[in-house]
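Subject: A structure for you to explore

Hello! Here is the structure I promised to pass on to you. Have a look around it first, and then read on for what turned up.

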Amino acid sequence: MNEWLWSYSGYSADEEGQREALCTVGNGYVATRGALAESAADGIHYPGTYVAGVFNRLTTRIADRDVENESIVNAPNWLPVLFRVLGGEWFSMDHASVEDHHLELDLKRALLTRRSRLSDDAGRTLSVTERRFISLADQHLLASETTFVPENFSGAVEVMSVLDGTVQNTGVPRYGALDHDHLAHVDSRIVEPDLMLLEVKTNDSGIHIAQAARTKLASNGEELHPVAEPIVEDRYAAQRYELELETGTALTVEKTVALFTSLDHGIYSPREEAVHNARRATGFDELLEHHATSWSHAWNRSGMTLTGDVGHTARVLNLHIFHLLTTVSKHTTELDVGVPARGLHGEAYRGHIFWDELFIFPFLTMRVPELTRALLRYRARRLDRAREAAVDAGHEGAMYPWQSGSDGREETQTLHLNPESGHWLPDASQRQRHINAAVVVNIWRYWQATTDLEFMRFWGAEMVLEIARFWASIATYDHSLDRYEIKGVMGPDEFHEGYPDREEPGLDNNAYTNVMAVWCLCRAFDVLEVLPGKRREELIEKLAISRDELDRWGEITHKMRLCFHDDGILSQFEGYGDLRELDWDAYRERYGDIGRLDRILEAEGDSPKHYKLAKQADTVMLFYVLSSEELAELWDRLGYERDPDFIRRNIEYYESRTSHGSTLSIMVHAWLHSRLDRRRSWDLFRSALESDINDVQGGTTREGIHLGAMAGTVDLIQRCYGGIDTREDMLQINPSLPVGLHELAFSISYRGQLVSLEISHERVRVRLADDHGRGAPVTLNVAGRSEELEPGGSLEMPID
């Protein structure tokens with residue numbers, strides 16, 4: 001099995017959407033789904049192209065109210081290269097007999113290849129081979145090369161190269177009731193005999209998108225120069241060619257597209273830049289060579305080597321890393337964007353940014369910390385909007401939105417459709433204030449791994465302090481308990497939006513939220529400690545942080561309330577222990593897949609509010625985000641007792657009451673079991689690997705991959721099984737390899753140093769790159785033993 005090839009054989013209309021998502025190619029600036037070049041959005045195919053940061057808002061009348069939604073925009077479709085016998089039907093998979101079909105994604109070079117043999121009703125057989133990539137070397141160039149060979153016929157044929165801006169956002173059926181036409185015409189024309197231009201703009205945000213396509217034809221290596229018939233309409237440009245082909249003669253169509261938007265820096269206009277760059281682009285093979293070189297560099301920074309009976313596992317991990325690098329790349333550092341939860345692979349979640357950063361950033365921080373820095377600056381630029389949100393909600397500090405898009409306002413929909421019942425229901429998920437904890441976790445992890453003082457001085461510290469202020473503001477003091485409480489929120493488990501007997505949504509004292517609020521307040525004090533004195537004084541003055549306010553923050557870290565039930569089980573929220581147990585066996589027998597129990601219960605006229613159940617890890621997220629040492633410190637600080645079996649009992653309790661309706665959940669539970677039951681952990685990990693490749697949620701992968709789960713599986717190998725952590729100014733290495741994984745090798749970036757690691761069940765080898773005298777020593781803690789390693793040095797230590 002080749003660990004670097006992801007392939008499909010045969011054609012299946014039912015699987016096309018999933019294949020398109022998993023065969024998406026991109027470069028962090030733009031990505032295009034792996035749709036067949038001749039296809040259009042028709043319920044089977046969906047050839048979407050998405051440019052990072054390009055959003056638009058539309059308003060739809062639903063359930064007697066105006067509902068405004070902001071969505072990532074499906075940009076003009078640059079793919080179409082069409083072929084037909086003169087006067088006949090255009091050849092396509094759905095209007096011909098498919099004799100053979102193979103789709104292959106070369107993960108190492110980010111090259112998608114399609115090979116098909118199609119026969120029409122007249123028995124004419126056509127061979128089609130297409131190669132496609134989106135350049136990592138030049139973020140604005142997209143290229144395809146399609147070769148047509150008539151196997152048993154000759155005569156006059158037509159070829160057409162198209163830029164189609166009539167596309168709409170129709171990739172998610174449950175959004176079908178919402179308005180979805182985001183583009184308006186600006187310009188379409190033929191610029192030169194082999195060059196056409198299409199320019200559109202988003203019809204509310206006013207972002208211009210320009211594509212210029214250069215089309216070249218060749219036969220058996222000889223360039224052809226047929227005169228093209230121009231087809232120019234609003235939001236559409238095409239060039240149609242007629243020529244004679246002999247049996248067995250290859251016709252190659254090379255299409256190079258330059259794409260620019262009005263969001264790009266350092267340009268005069270998208271139109272001018274697109275035309276200029278398409279005109280000057282070199283040929284397909286040379287572009288591919290530069291592109292492949294850039295990907296080899298990306299893999300040098302991001303790859304890992306697994307040893308054991310792990311061929312399939314390694315292949316899927318490579319696929320996951322590939323899609324992460326397709327969504328964020330070196331080009332991301334020049335953009336003002338976050339990481340969409342579904343990548344640049346589809347329209348699910350409308351391209352919004354959630355807490356999935358919590359699962360994505362750890363891998364980036366240890367491999368390409370510059371990417372994490374750029375993505376954290378997306379949050380920093382929206383700090384003022386977060387401050388406004390806090391004030392509007394009656395709080396202080398900064399309150400980041402659960403769903404973020406272009407400008408950082410709350411993009412969570414107020415209504416959502418239950419496809420099981422057909423009902424539009426209120427959506428209270430914006431009460432997931434724990435998103436603010438995720439922002440602080442990501443900032444602190446980045447600091448621990450990089451000690452990037454510039455970032456902390458100018459952006460990171462201010463975000464941490466304002467989020468700490470928010471947590472202190474939302475916490476209320478109960479005199480009778482002598483404890484602080486946080487009320488009216490939601491935890492990660494989205495099944496519980498409120499109480500059965502309370503009309504107002506929200507839950508009180510969600511354990512994950514309360515503990516993470518305390519952790520954030522503690523990190524605020526740490527941030528003040530690491531800032532240079534002058535900057536600390538300036539920031540305290542700017543934010544008007546008083547001594548009394550700091551004292552209150554400190555008091556909250558000692559007096560936050562947690563609730564318990566059933567002899568020491570940490571309650572997911574206050575009152576959780578009073579809820580009813582669900583008959584899980586009965587529901588599994590009745591419905592099979594019960595991942596989305598909320599939809600099932602609502603369709604039955606019931607509600608998850610009544611039951612002890614969870615969509616995904618909630619309380620036990622504490623054991624995922626925080627180390628056992630951090631948890632022990634927090635418990636001691638809060639004055640709560642815990643026995644040695646506390647973590648195990650809570651994991652087992654909640655796992656038996658979790659439906660795993662989120663792709664993140666299985667991955668988190670694999671992490672949780674890594675120190676309890678390695679075999680169980682490995683089994684769960686391998687299940688998590690299947691989330692998208694087997695579309696375990698029954699049709700959601702076609703709407704966009706689940707990037708948090710993909711990145712989380714890679715991070716699980718690196719930080720969990722590899723035991724890598726950055727705490728207490730040391731690189732911590734405490735491996736816990738499962739039985740099925742014999743050895744693990746990868747390199748990370750730690751405080752500006754390249755650290756190479758080889759980890760097995762018996763020993764750890766560490767090597768520090770020789771940076772010609774510029775590097776500093778690194779302090780290691782390997783399985784509880786501290787060592788200092790000089791640049792260029794290496795060590796090997798046994799694992800007990």
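Let's start inside. The lining of the largest cavity is made up of 4 nonpolar, 7 polar and 3 charged residues. Please keep in mind that this is a predicted model. The space in this largest cavity comes to about 140 Å³. Its lining has 14 residues, and those closest to the centre are Ser71, Asn169, Tyr175, Asp179 and His182. If you want to find the walls, look at strands β4 (49-62) and β5 (65-74), each of which supplies at least two of the lining residues.

Across the whole structure, the search finds 6 cavities of 30 Å³ or more. The second largest has a volume of about 90 Å³. Among the residues lining this second cavity are Ala37, Val81, Phe83, Phe91, Leu118 and Phe148. Strands β6 (81-85), β8 (111-119), β9 (125-134) and β10 (141-150) each give two or more residues to that lining, and β6 has the largest share, with 3 residues. What kinds of residues make up this lining? They divide into 9 nonpolar, 1 polar and 2 charged.

Next, have a look at helix α5, which covers residues 357-367. Is it buried or exposed? Of its 11 residues, 11 are buried, so the helix is largely enclosed by the rest of the structure. Glu357 and Arg367 are among these buried residues, and so are Phe359, Phe361 and Phe363.

Now for the salt bridges, of which the count is 69. Here are some to try finding yourself:

- Asp508 and Arg502 meet through their side chains, with N and O 3.0 Å apart. Asp508 is buried, at a relative accessible area of 7%, whereas Arg502 is partly exposed, at 32%.
- Arg547 and Asp551 form another salt bridge, with 3.3 Å between their closest N and O atoms. Both belong to helix α12 (residues 547-559), and because they are 4 residues apart there, about one helical turn separates them. Arg547 is exposed, with a relative accessible area of 54%, while Asp551 is partly exposed, at 43%.
- Asp643 and Arg649 also meet in a salt bridge, at 2.6 Å from N to O. Asp643 is partly exposed, with 32% relative accessible area, and Arg649 is partly exposed too, with 22%.

Salt bridges can also be linked to one another: Arg57, Glu68, Glu70, Arg385, Glu388, Asp407, Arg409 and Glu411 form a network of them.

Finally, there is a sheet worth tracing with your finger on the screen. Strands of a sheet pair through backbone hydrogen bonds, either parallel or antiparallel. This one is an open sheet of 4 strands in the order β26-β27-β31-β32, and its pairing is mixed. Which strands stand at the edges? They are β26 (724-727) and β32 (785-789); each has a single partner strand, so one side of each is left without a neighbour in the sheet. On average, neighbouring strands here are turned by 25° against each other, ignoring direction. Between β26 and β27 (residues 730-733) there are 4 bridges, and these two strands run antiparallel. To see one such pairing, find Arg727, whose bridge partner in β27 is Met730.

Enjoy exploring!

Conventions: Residues numbered from 1 in each chain as written. Predicted model: local features only at pLDDT ≥ 70, side-chain atom pairs only at ≥ 80, totals over all residues. Heavy atoms only, no water. Salt bridge = Lys/Arg side-chain N within 4 Å of Asp/Glu carboxyl O. Buried < 20%, exposed > 50% of the residue type's maximum accessible area, 1.4 Å probe, protein only. Pairing = 2+ DSSP bridges. Axes fitted to C-alpha atoms, helices over the stretch in contact; angles between N-to-C directions. 1 Å grid on protein atoms, 1.4 Å probe; cavity = no way out; pocket = protein on both sides within 12 Å on 5 of 7 lines; lining within 4 Å. Points joined across faces, edges and corners; volume = space filled by probe spheres on them. Nonpolar A, V, L, I, M, F, W, Y, C, P; charged D, E, K, R; others polar.
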